[in-house]
Amino acid sequence: MIHKTLWIVYIGSDDSCLVAMSDIYTHNLGYPRIGEQRELKKATEAYWHGKLSREELEATGQQLRSQNWAKQKAAGVDLIPCNDFSFYDQMLDFSCLIGNVPPRFGWQGGEVDLDVLFSMARGSRGEGQPCASGCSHQPAFACEMTKWFDTNYHYIVPEFRAETKFQLVGDKVFREYQEAVSLGYRVKPVLPGPVTYLSLGKVQDEQNPDFDRFVLLESLLELYEKILQRLAALGVEWVQIDEPIFSLDLSPVQRDALLTAWQRLSQSAPGLNILVTSYFGALQENLSLFLALPVQALHLDVVRGEADLDETLARFPAHKTLSLGVVDGRNIWKNDFSASLTLLQKAQAKLGAARLWVAPSCSLQHAPISLALEPKLDAELKSWMAFADQKLEEVVALSGLLRGTTPPLVLQDNQRAILSRRKSTRIHKPQVKDRVAAVQPEDSQRQSSFAQRRELQQAKLKLPEFPTTTIGSFPQTAEVRSMRAKWKKGEISTEAYEVYLQQEIQHCVAFQDEIGMDMPVHGEFERNDMVEYFGEQLEGFVFTQKGWVQSYGSRYVKPPIIYGDVSRPAAMTVRWSQYAQSLTKRPMKGMLTGPVTILQWSFVRDDQPRSETTRQIALAIRDEVLDLETAGIAAIQVDEPAIREGLPLRQRDWSAYLDWAVESFRLCASGVRDETQIHTHMCYSEFNDIIEAIAAMDADVITIETSRSNMELLEAFVGFKYPNEIGPGVYDIHSPRVPSVEEMVRLMRKAESVIPRSQLWVNPDCGLKTRGWEEVKSSLIHMVQAARQLRVAQ
Ligand code: GLN
Ligand code: ZN
């Protein structure tokens, strides 16, 4: 189908481009693909378990795509994305489109089958696992998965090696374009940009570990040229190419690559209009490079990058179109139309209406789908929110207000909601704000130095050398989950549920006593999730029914929403820890989630700095820590697995973040007496660049994940001469394999060779909630035996 659009050709001196004088005012960068009822998860998992055929899976994908296009069109969005759909991940789709499949998956060329794609994402177990034709039945470990910028979405990391050859073997992007067009939609295909793709991948090449992946740029660009030419031949009007790498610190190599890539790609398919996007942060020193890209349109995230707007407008090249991302794609709050219109009007005054598009700041895949799915959500809170569907309505309304085609009543309604949120006493609690304002530096300071505290803790806890402990959770069996579900549905009484939890705790504590675990835990059976459990008991949080967002593949999360000032109406965990302590003479470890992790894994307020919200949470957790201490709990663990992932995208912003993140941890942990032992836990061990901040948290004991790196990641602690106690994980809890005593002894010996034995604890890498009791029992028995062997050997 050929679109009826009027094109005018301009020949510029430095960049010659085609400019669309078309009727596009609004567009969208990407739409959530998971389905209102999580259809995508259900279908992919059923397919993996052999309960759904390939045809049925494909049909679900097709249905989701057409529903999503229909919704976006109905919302009035002029230009809708396609190829934003994925059965797993868009970066992985791109790797498969260009035949970048690591050799261990046995792919023989030709189109990369969906089963090969799934094995890249999930690993293949070899024999016995259903495998696509063309995939050899060799076991292969999955490709790495990592966080997409500072979102909670994880992409599959592309792998590069000296022999990597790109070939255009797939046709997903072409197929989905044609599918949309045949259904009558005006769509733009979306692809990751070449420099973003190369930058976010890693070299996985045993023969050439130092291989420079940018050597592959040339051949990658050849591929992009082919793709763009084919899109042009299909009649594509606009293509969207995402280069969010622009919001990071760029090396000279990356800058050169961007320049080379875009000079070349802009020439490759005459007649095709290219929109290059950047999002997630201000471009700052990268802005000039971005503005110089010789393409037809550029998208800026002015929610996070408002600081770039003035310079952009002052220097925006004539004839280019500017897309302004004014509606926050990363959050759930209603847009403040008056603030957005100020930005848009400024841009319109400079560029004119025809060269200005209105959009969400980034793909909406990071937002829940629709408020229409939340009948139980409090009406007033709801009136302050916008999920993906509402965000698209906002984009369209803003464009209409800007151009005078939307009635001013819409603006008034919006401003009424914004004002009611600003003034609400449900949000603003003077006592919480006053308490945060009154925090003194000494509130974040333990009474004595670690050396002094340690003596008192040793006298009190009387632990042996190499004390053994776990990270907190024990198996969340199907029974535990089903009892909780029944209780939530009202099928069993609170009393019956609590009796059940007590039995589980008894069983768990008895087991730890029996095997000789030095510092037992209660097992966390009462918790669904380490953030939700606390959010449900704190003021200022609200939960949705269907507010899912994709975390990776078929895993979705339903983050709590922090809407107001946070406080703790009553103790949250004390009764369970106290009950568990009553069952044993050994020191029970209390278990809490830290303020930064609660913040990171929630949708947060946009009306105050993150640091302020975190301090409020820290004070609530501080009260819980003190209540646990009063209840006789001598060791309290405050988990902060998300400290590292909260790091800002730009290095220059790290220290400000680490200052308040560390201070918040200290604020919640510093109220206790010297003899109370504070633990913290982090699920990783890349600490090299933040080790000073980790040490500044001043936890008496830190437990980290190290077994998979063979203790190598302890290096940071060694180099820094980390002064406090450390439990480097001795076994990988991601696998059901039971580790032997010898291997754990070996790992600890390695740790002991670099860290004094008096500083070391013995524990698994992380919580045990995803494991079964049988393997947990055997593994922990071995772990305790390993500690005993370590104690006798000098
Ligand atoms: N205490 C939690 C558990 O054991 C910690 C989980 C985590 O670090 N992600 O499950
Ligand atoms: Zn962990």
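Colleague: Why is V521 called buried in this model?

Modeller: Let's put the number beside the cut-off. A residue counts as buried when 20 or more other C-beta atoms lie within 10 Å of its own. V521 has 26 such atoms within 10 Å, so V521 is buried. Please keep in mind that this is a predicted model, and the count is computed from it.

Colleague: Where is V521 found, and which residues is V521 in contact with?

Modeller: V521 is in the loop between α18 (494-515) and α19 (532-535). Setting aside neighbours within four places in sequence, the contacts of V521 are T470, G472, K589 and M591. K589 is 68 residues away from V521 along the chain, yet the two C-alpha atoms are separated by 5.2 Å.

Colleague: K589 takes us to a strand. What makes β20 an edge strand?

Modeller: The sheet is open and has 5 strands, in the order β20-β21-β22-β23-β24, with parallel pairing. β20 (589-593) and β24 each have a single partner strand, so one side of each is left without a neighbour in the sheet, which puts both at the edges. From one strand to the next, the twist averages 20°.

Colleague: How do you know that β21 and β22 pair?

Modeller: Two strands pair if DSSP finds at least two bridges between them. Between β21 (residues 635-639) and β22 (residues 677-682) there are 5 bridges, in the parallel sense, so the pairing criterion is met. To see it in the structure, look at A635, which stands opposite Q677 in β22.

Colleague: Which residues does UniProt list under "binding site", and how do you know that they cluster in space?

Modeller: The unreviewed UniProt entry gives H681, C683, E705 and C766 for that annotation. They are spread over 86 residues of sequence, but the largest C-alpha distance is 8.8 Å.

Colleague: Is H681 buried or exposed, and why?

Modeller: H681 has 27 C-beta neighbours inside 10 Å. The cut-off for buried is 20 or more, so H681 counts as buried. H681 sits in strand β22. Leaving aside neighbours within four places in sequence, H681 is in contact with I471, Q637, D639, P641 and T703.

Colleague: And what about E705: buried or exposed?

Modeller: E705 is buried, with 23 other C-beta atoms within 10 Å, against a cut-off of 20 or more. E705 is in the loop between β23 (701-704) and α25 (715-720). The contacts of E705, again without neighbours within four places in sequence, include C683 and C766, which also belong to the "binding site" annotation. Y684, S685, G729 and D765 are contacts of E705 too.

Colleague: Why is H734 called partly exposed?

Modeller: Exposed means 12 or fewer C-beta atoms within 10 Å, buried means 20 or more, and partly exposed is in between. H734 has 13 other C-beta atoms within 10 Å, so H734 is partly exposed. H734 lies in the loop between β24 (725-728) and α26 (741-752), and the unreviewed UniProt entry lists H734 as "active site".

Colleague: What makes β17 and β18 a hairpin?

Modeller: β17 (residues 549-552) and β18 (residues 555-557) pair in the antiparallel sense over 3 bridges, with 2 residues between them. Q550 stands opposite Y556 in β18. In the turn, G553 has a positive phi of about 45°.

Colleague: How do you know that both faces of β12 are covered?

Modeller: In a regular strand the side chains alternate between the two faces of the sheet. In β12, N273, L275 and T277 are on one side, I274 and V276 are on the other, and all of them are buried. That matches the count for β12 (residues 273-277), where 5 of 5 residues are buried. Strand β11 (residues 238-242) pairs with β12 in the parallel sense over 5 bridges, and D242 stands opposite T277.

Colleague: Finally, how many residues of domain 1 and domain 2 are in contact?

Modeller: The chain is divided into domain 1 (25-423) and domain 2 (430-792), and 35 residues of domain 1 are in contact with 22 residues of domain 2. On the side of domain 1 that touches domain 2, the largest share, 3 residues, comes from α1. By class, that side has 15 nonpolar, 8 polar and 12 charged residues.

Definitions and conventions
Residues numbered from 1 in each chain as written. Chains lettered and ligands numbered in written order. Predicted model: local features only at pLDDT ≥ 70, side-chain atom pairs only at ≥ 80, totals over all residues. UniProt positions renumbered as here; feature names shortened; annotations may be inferred. Helix = DSSP H or I, 4+ residues; strand = E, 2+ residues; numbered from the N terminus. Axes fitted to C-alpha atoms, helices over the stretch in contact; angles between N-to-C directions. Domains from an automatic or database assignment. Contact = placed C-beta atoms within 7 Å. Nonpolar A, V, L, I, M, F, W, Y, C, P; charged D, E, K, R; others polar.
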